[in-house]
Amino acid sequence: MRLILPSFVCLVLSVASGHGQNPKAPDELYEELFHDVQMAPVFDESKTFVDMVAKRPASAILSDYRKQSKTPGFVLKTFVESNFEMPPNSQNAFETKEKDMWMHARNLWPVLTRSADKPVAGSSLLPLPYPYVVPGLRFREVHYWDSYFSMLGMAEQEQEQMVENMVRNFAHLIATYGHAPDGNRTYYLSRSQPPFFCLMVELLADIRGDKVFAEFLPAMEKEYAYWTAGADNGRVVRMPDGSLLSRYREDDDKPRQECYREDMVTAELAVNQWLKMQTFKNDRLKEKAVADYKREYWRNLRSAAASGWAFSSRWLADPKRLSTIRTTEILPVDLNCLLYLAERTMRRAYSSAPTEKPDQRARYDVLAGEYEKKSAVRKAAIEKYFWNEAKGIYSDYDLVSAKVSNGLHMAGMFPLYARVADPGRGASHARETLYKLLYDGGFMTTELLTGELWDAPNGWAPLQWVGVVGLENYTFYEEARDAATRWAVLNRKVFERTGGLRDRYNVTDTSLAFRGPVYAEQDGYGWTIGVLQAFTAKFGK
């Protein structure tokens, strides 16, 4: 795994966060108890323990563990069950009764809805002030980019108040923590996800009117700054021509708490493979090199999780080996297109946000002009760095080789989705995508069959929406309708066979549900419902 970048690429801009100390995550609170529970493992899923609620202060639990764990007959699981409450499992309490997929999708929204949170001592949950929708039945918290695609369906189902609630909740998270975390859990605070907040606000403005912008401009600004002003985390990269682009780079360099055992195990495998190619003068140097390697490996795992594509050959030096993950060495085309859309939305927001103060109107007009310029600069940079002339596609940019990737994947549709692509280039990429990634069930995520979730043969609802809207933006209207229809028909076939809607689907063999999983099958996935309902509104059933 190569982790040394050319000197030109790294730009770190230091800005004060302005926030107090974040609440501690479970690994910080419970130290060796956390490690022992997750590595045993006491539970089938690592996420179970980090979602449990402590019955008494963490310091008292940890102190007792240190004393009792050394006594004969100590049983770790019994100790945990005595000191923590199991998290709820709403999936087990739900049963599909509808025979019609469309009715089932509509009826799932109340099932996925959670009330506003009350602070609970000993919980990893970050309380949200308004009701919200979780991604699926196995989830116990809101998730960031999932929510935008769920909101597309809510907007079509006359759930305007829930759309507003979701925007307000994310604005609260951004105001409190400086960004929208992956989910409202303490262990997600070190990372975000693809930045859709500005598009959420724009969706709400289309429902409620431009007055919405005035209220949410501070949160929009703070969210944008998280991705573009950096901090001390290296998300911003200065290119040779001076333009600034962004990448996924996690703040932490340790195993993900919700996937702790998995990350520990894969790190050992990665180290063992890496050591076969290394020599060291002494054991001390070897020990330090191994520790550094693991930290960088975990940072790359976390950064891929922040991308939403966990995991995919996009991030791997060797497409068949997770041990070669190198997320931080890649500039993602989709992330930078979303930031372009954020700049366009900010321009619209400042141009149309109502105000009765002449001096504020003048300031808003100036800021609108600044975001117009920023979007123009980013558009030029996207065309320069993410276009592969030889392949006729948009793809990611490799910071180490200083070349655009040859990989064709659905992230390359984001320049069409954002309307940033040159018309000729957009048409070329659309044709390549239709020819190589569109299958019987919709768009396949990548061309490569690797066993990773975000690779062939899986298709995901957000990427279907991006692909269809991108095709429409470049006048491929019939192809857009056809792609949406294929996806909806696949959803229906799987529903009729299994009685549920899934988070992902096998688009190459519509007799199967999906490839995987890393967790148990679940019904009621929000972004699948949202995109299905948005397609229905656009094209009809």
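Author: Let's start with a cut-off: a residue is buried under 20% relative accessible area, exposed over 50%, and partly exposed in between. One thing to keep in mind is that this is a predicted model.

Reader: Okay, why is Ala 402 called partly exposed?

Author: Its relative accessibility is 35%. That value falls between 20% and 50%, so the label is partly exposed. You'll find Ala 402 in the loop between strand E10 (397–398) and strand E11 (403–404).

Reader: What is the phi of Ala 402?

Author: It's positive, about 55 degrees, although Ala 402 is not a glycine. For background, most residues other than glycine have a negative phi. Thr 475 is another non-glycine residue with a positive phi, near 65 degrees. Look for Thr 475 in the loop between helix H16 (461–473) and helix H17 (477–498).

Reader: Is Thr 475 buried or exposed, and what makes it so?

Author: Thr 475 has a relative accessible area of 55%. The cut-off for exposed is over 50%, so Thr 475 counts as exposed.

Reader: And why does Asn 336 count as buried?

Author: Its relative accessibility is 0%. Buried means under 20%, so Asn 336 passes that test. Asn 336 sits in helix H12. Leaving aside residues up to four places away in sequence, Asn 336 touches Leu 245, Ser 246, Arg 378, Ile 382 and Phe 386.

Reader: Now the helices. What makes H5 oblique to H18?

Author: Check the angle. Helix H5 (residues 101–112) and helix H18 (residues 526–539) have axes that cross at roughly 135 degrees and come within 10 Å. Over 145 would be roughly antiparallel and 65 to 115 roughly perpendicular; 135 fits neither range, nor the one under 35 for roughly parallel, so H5 is oblique to H18. The crossing is left-handed.

Reader: Which residues make that contact?

Author: On the H5 side they include Trp 102, Arg 106 and Trp 109, and on the H18 side they include Ile 529, Leu 532 and Thr 536. The contact residues of H5 with H18 split into eight nonpolar, four polar and one charged.

Reader: Why is H16 called roughly parallel to H18?

Author: H16 and H18 pack at about 25 degrees, and their axes are 8 Å apart. An angle under 35 degrees counts as roughly parallel, so that's the name for H16 and H18. Among the residues that meet are Trp 465 and Val 468 in H16, and Val 531 and Phe 535 in H18. The residues of this contact come out as nine nonpolar, two polar and two charged.

Reader: Which residues touch the most other members in the largest nonpolar core?

Author: Phe 197, Met 220 and Tyr 417 do, in a core of 147 residues. Helix H12 (residues 333–352) gives this core its largest share, 11 residues. Not counting residues up to four places away in sequence, the neighbours that Met 220 touches include Phe 197, Phe 213, Met 346 and Ala 349. Another core, of 22 residues, lies apart from it, with Val 42 and Tyr 65 among them.

Reader: Last one: where are the cis peptide bonds at Pro 41 and Pro 457?

Author: One joins Ala 40 and Pro 41, with omega about -20 degrees. Pro 41 is in the loop between helix H1 (26–39) and helix H2 (46–50). Another joins Ala 456 and Pro 457, with omega about 5 degrees. Pro 457 is in the loop between strand E13 (442–443) and strand E14 (458–460). As a rule, most peptide bonds are trans.

Terms used
Residues numbered from 1 in each chain as written. Predicted model: local features only at pLDDT ≥ 70, side-chain atom pairs only at ≥ 80, totals over all residues. Heavy atoms only, no water. Axes fitted to C-alpha atoms, helices over the stretch in contact; angles between N-to-C directions. Helix = DSSP H or I, 4+ residues; strand = E, 2+ residues; numbered from the N terminus. Left-handed = near helix turned anticlockwise from the far one by under 90°. Contact = heavy atoms within 4.5 Å. Nonpolar A, V, L, I, M, F, W, Y, C, P; charged D, E, K, R; others polar. Core = buried A, V, L, I, M, F, W, Y, C linked by side-chain atoms within 4.5 Å. Buried < 20%, exposed > 50% of the residue type's maximum accessible area, 1.4 Å probe, protein only.
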